[in-house]
Amino acid sequence: MADSVAVNGLRVVRGGREVVRGVTFEVPEGSVTGLLGPSGCGKTTLLRCVVGVQVVAGGTVTVLGHPAGSPVLRDRVGYSTQSPSVYADLTVRENLRYFASVLRAPAADVERVIGEVGLEERADQLVGTLSGGERGRAGLAAALLGRPELIVLDEPTVGLDPVLREELWSLFHRLADRGAALLVSSHVMDEAARCDRLLLMRDGALLADDTPQALRDRTGTADLEQAFLALVRTA
Ligand SMILES: Nc1ncnc2c1ncn2[C@@H]1O[C@H](COP(=O)(O)OP(=O)(O)OP(=O)(O)O)[C@@H](O)[C@H]1O
């Protein structure tokens, strides 16, 4: 399987402190890679590097064969941030029509992505009046416009009920089955088991890069929370 993302020796300094400390990993196409780790460990910073909006101090980030942030990647990479960048004074549908035109995505994509994130009944509501979870899904819908080959999602399931979380994880796997690479961050360990591969991060470094089952086997633990703790103890 080809790699959609290749990160090599990445270092980032923020506020005078090295917050990403020599990180190397790949994200294969056609799979869901989870980026897991405690609050403040550097997940968002790492995702920002992959989408090319972060100044880096060293190392390389290659996305679909190009340096991260290259103009040719604009409509090939979808990115949804923790605070969704959708306009509060437009409806869900208006937002998505606007982003579809910017990305030159087909007009029919708007209805497709509204359906994929389950916002059909909120499509004509102003984003400013949506709940936090609904607003998050509106941002996620924008990241799915144009069928990007790489989809980068920063904590997409925060604030969602278990049913919706389940639906979104099913959607992520459907997108991967179509060939997309997904890189999804979370600090909830019970989501780790739903990923094909896991990157476990702590204090700006990767503790592990493996499948959930291999991590459980390697640490001799039954669940991934315990595996993470075992890795922290031996780091
Ligand atoms: N603009 C900034 N200036 C200084 N320090 C920053 C800045 N942005 C982030 N940091 C620091 O960089 C570190 C990594 O932050 P980052 O947002 O990547 O963490 P995270 O793992 O995504 O956390 P969370 O799960 O809470 O969102 C943190 O210690 C944070 O305080």
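**View 1. The shell around the ligand in this predicted model.** Twelve names to pick out here: Arg14, Gly15, Val19, Gly37, Ser39, Gly40, Cys41, Gly42, Lys43, Thr44, Thr45 and His187 are the residues around the ligand. Sorted by class, the shell has eight polar residues, two nonpolar ones and two charged ones. Helix α1 (residues 43-51) gives the largest share of the shell, three residues.

**View 2. Helix α1 lying across the strands.** Stay with α1 from the ligand shell and look at what it covers: α1 lies across β3 (31-36), β6, β7, β8 and β9 (197-202). Relative to β7, α1 runs at about 155 degrees.

**View 3. The open sheet of six strands.** Reading across the sheet, the order is β6-β7-β8-β3-β9-β10, and the pairing is mixed. The edges belong to β6 (77-80) and β10 (205-210); each has a single partner strand, so one side of each is left without a neighbour in the sheet. From one strand to the next, the twist averages 15 degrees.

**View 4. Strands β7 and β8 side by side.** Strands of a sheet pair through backbone hydrogen bonds, in either a parallel or an antiparallel way. Here, β7 (residues 150-154) and β8 (residues 181-186) go for the parallel sense, with five bridges. For one pair to look up, try Ile151, whose bridge partner in β8 is Leu182.

**View 5. Helix α2 crossing helix α3.** The axes of α2 (residues 92-103) and α3 (residues 109-116) come within 9 Å and cross at roughly 130 degrees, which means α2 counts as oblique to α3. The crossing is right-handed. On the α2 side, the contact is made by Val92, Arg93, Leu96, Arg97 and Ala100; on the α3 side, Asp109, Val110, Val113 and Ile114 take part. By class, the residues of this contact are six nonpolar and three charged, with no polar ones.

**View 6. Helix α2 packed with helix α4.** Now for another partner of α2: α4 (residues 132-144), with an angle of about 25 degrees and axes 10 Å apart. That angle makes α2 roughly parallel to α4, and the crossing is right-handed. Val92, Asn95, Leu96 and Phe99 of α2 meet Ala138, Ala141 and Ala142 of α4. This contact has six nonpolar residues, one polar residue and no charged ones. Val92 and Leu96 are worth finding in both helix views: they are among the α2 residues that touch α3, and also among those that touch α4.

Terms used
Residues numbered from 1 in each chain as written. Predicted model: local features only at pLDDT ≥ 70, side-chain atom pairs only at ≥ 80, totals over all residues. Near = placed C-beta within 6 Å. Helix = DSSP H or I, 4+ residues; strand = E, 2+ residues; numbered from the N terminus. Nonpolar A, V, L, I, M, F, W, Y, C, P; charged D, E, K, R; others polar. Axes fitted to C-alpha atoms, helices over the stretch in contact; angles between N-to-C directions. Parallel < 35°, antiparallel > 145°, perpendicular 65-115°, else oblique. Left-handed = near helix turned anticlockwise from the far one by under 90°. Contact = placed C-beta atoms within 7 Å. Pairing = 2+ DSSP bridges.
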